Amino acid sequence: MFAVASAGLAALPADERIAVRDSHTTVGWYEIAALRAGGLPVYPVGILDLLP
């Protein structure tokens, strides 16, 4: 797990999926509370326990 501060990351839209270069996948931002509520898998197992 890493914490970063970046003007480039901060400028990305929080409600959109973003294509990953050289891949057929996308990434996006999720509220930690929503991830804790379930519905989406989060890896590695236990990572949410390390977040505030």
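These questions and answers walk through a predicted model of one protein.

Reader: In what order do the elements of the protein run from the N terminus on?

Author: There are two helices and two strands to place. Start at the N terminus and read on. The order is α-β-β-α.

Reader: What is the radius of gyration of the protein, and is the chain spread out or compact?

Author: For 52 residues the globule rule gives 10 Å. The value for the protein is well over that, so the protein is more spread out than a compact globule. Along the principal axes, the C-alpha atoms fill a box of roughly 30 × 25 × 20 Å. The radius of gyration is 13 Å.

Reader: What percentage of the residues is buried?

Author: A residue counts as buried under 20% relative accessible area. The protein has 52 residues to test against that cut-off. Buried residues make up 6%.

Reader: How much of the accessible surface belongs to carbon and sulfur atoms?

Author: The accessible surface of the protein comes to about 4700 Å². The share that belongs to carbon and sulfur atoms is 62%.

Reader: Which residues lie nearest the centre of the largest pocket?

Author: The largest pocket holds about 560 Å³ of space. Its lining takes in 20 residues. Both α1 (7-10) and α2 (32-37) supply at least two residues of that lining. Nearest the centre are G28, W29, Y30, L35 and L51.

Reader: How many residues of that lining are nonpolar, polar and charged?

Author: Tyr and Trp count as nonpolar here, while Gly counts as polar. On that basis the lining of the largest pocket divides into 18 nonpolar, two polar and no charged.

Reader: Leaving aside neighbours within four places in sequence, which residues are in contact with E16?

Author: E16 sits in the loop between α1 and β1 (18-19). Its relative accessible area is 46%, so E16 is partly exposed. The C-alpha atom of E16 lies 9.6 Å from that of T26, ten residues apart along the chain. Beyond its sequence neighbours, E16 is in contact with V27 and G28.

Reader: Is D22 buried or exposed?

Author: D22 is in the loop between β1 and β2 (26-27). Its phi is near 60°, a positive value in a residue other than glycine. Exposed means over 50% relative accessible area. D22 has 86% relative accessibility, so D22 counts as exposed.

Reader: Is the peptide bond from Y43 to P44 cis or trans?

Author: P44 is in the segment after α2. Omega of the bond from Y43 to P44 is near -5°. The peptide bond is cis.

Technical notes. Residues numbered from 1 in each chain as written. Predicted model: local features only at pLDDT ≥ 70, side-chain atom pairs only at ≥ 80, totals over all residues. Heavy atoms only, no water. Helix = DSSP H or I, 4+ residues; strand = E, 2+ residues; numbered from the N terminus. Rg over C-alpha atoms; globule rule 2.2 N^0.38 Å. Buried < 20%, exposed > 50% of the residue type's maximum accessible area, 1.4 Å probe, protein only. Areas by Shrake-Rupley, 256 points an atom, 1.4 Å probe, with all protein chains shown as cover. 1 Å grid on protein atoms, 1.4 Å probe; cavity = no way out; pocket = protein on both sides within 12 Å on 5 of 7 lines; lining within 4 Å. Points joined across faces, edges and corners; volume = space filled by probe spheres on them. Contact = heavy atoms within 4.5 Å.
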